[in-house]
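Hi,

Here is the structure I promised to pass on. Have a look at it first, and my notes follow below.

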Amino acid sequence: MSFNGGFLGKNAVFAQTMLRIKDPSKSRQFYEALGMNFLTRFDFPELSFSLYFFALEKDPTVPAEDAPQPERAKWLFSRQYPTLELTHNWGTEKDPNFKYANGNTEPGKGYGHIGFLVDDLYASCAAVENAGYVVSRKPGPFQNVGEIAFVRDPDDYWIELIQKPKS
């Protein structure tokens with residue numbers, strides 16, 4: 001979706017949202033189970049972190065994982081759809097006490113959540129629970145604006161599921 005001007009210009013595209021994660025294998029499993037597609041990964045050994053990119057789009061042009069990183073970056077940043085960037089700081093997965101602030105509890109309140117429009121809110125929540133993940137707000141009406149639920153990812157980030165309006 002493009003904006004109509006402003007500081008960003010006419011052809012700006014909302015590109016990504018970034019979340020810091022503790023364990024990339026657990027996070028990748030969760031976001032793929034939600035239905036997101038893994039796009040690519042960038043490693044920065046000199047800075048000890050990796051970036052993992054996901055999207056809802058099924059993009060047949062995804063480059064091979066062994067393609068040079070600059071080629072994959074050029075491809076990624078030419079997409080016209082939003083991505084989710086998961087940032088893994090190496091070593092956090094080995095620390096049992098390590099935890100990121102999720103933005104909804106102290107300390108660190110501020111960030112809220114990401115959200116997905118879904119066809120069947122109740123079936124989506126049941127699938128999340130059946131896979132062993134947390135549904136922290138059961139599906140149901142919210143303040144006369146529709147039906148919502150909240151699920152939690154492995155780092156305790158909140159993900160809102162919103163029932164698409166029925167036509």
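Strands 6 and 7 (residues 147-152 for strand 7) pair in the antiparallel sense over five bridges, where pairing takes at least two DSSP bridges between two strands. Val135 sits opposite Val151 in strand 7. Helices (H or I, at least four residues) and strands (E, at least two) are DSSP runs numbered from the N terminus.

A quick note on the source: this is a predicted model, with local features needing pLDDT of at least 70 and side-chain atom pairs counting only at pLDDT 80 or more, while totals for chains, interfaces and linings use all residues. Residues are numbered from 1 along each chain as its sequence is written, and side-chain values use heavy atoms, leaving out hydrogens and water.

Now the wider sheet: four strands make an open sheet with mixed pairing, in the order 5-8-7-6. Strand 5 (114-118) and strand 6 (134-141) are at the edges with a single partner strand each, so one side of each has no neighbour in the sheet.

On to helix 1 (residues 24-34), whose buried residues (under 20% relative accessible area with a 1.4 Å probe, protein chains only; exposed is over 50%, partly exposed in between) are Pro24, Ser27, Phe30 and Tyr31. They cover an arc of only 130° around the axis, taken from the directions from the helix axis to the C-beta atoms, which puts them on the same side of helix 1. Ser25, Gln29 and Ala33 are exposed on the other side of helix 1. Just after helix 1, Gly35 has a positive phi of about 115°.

Cheers
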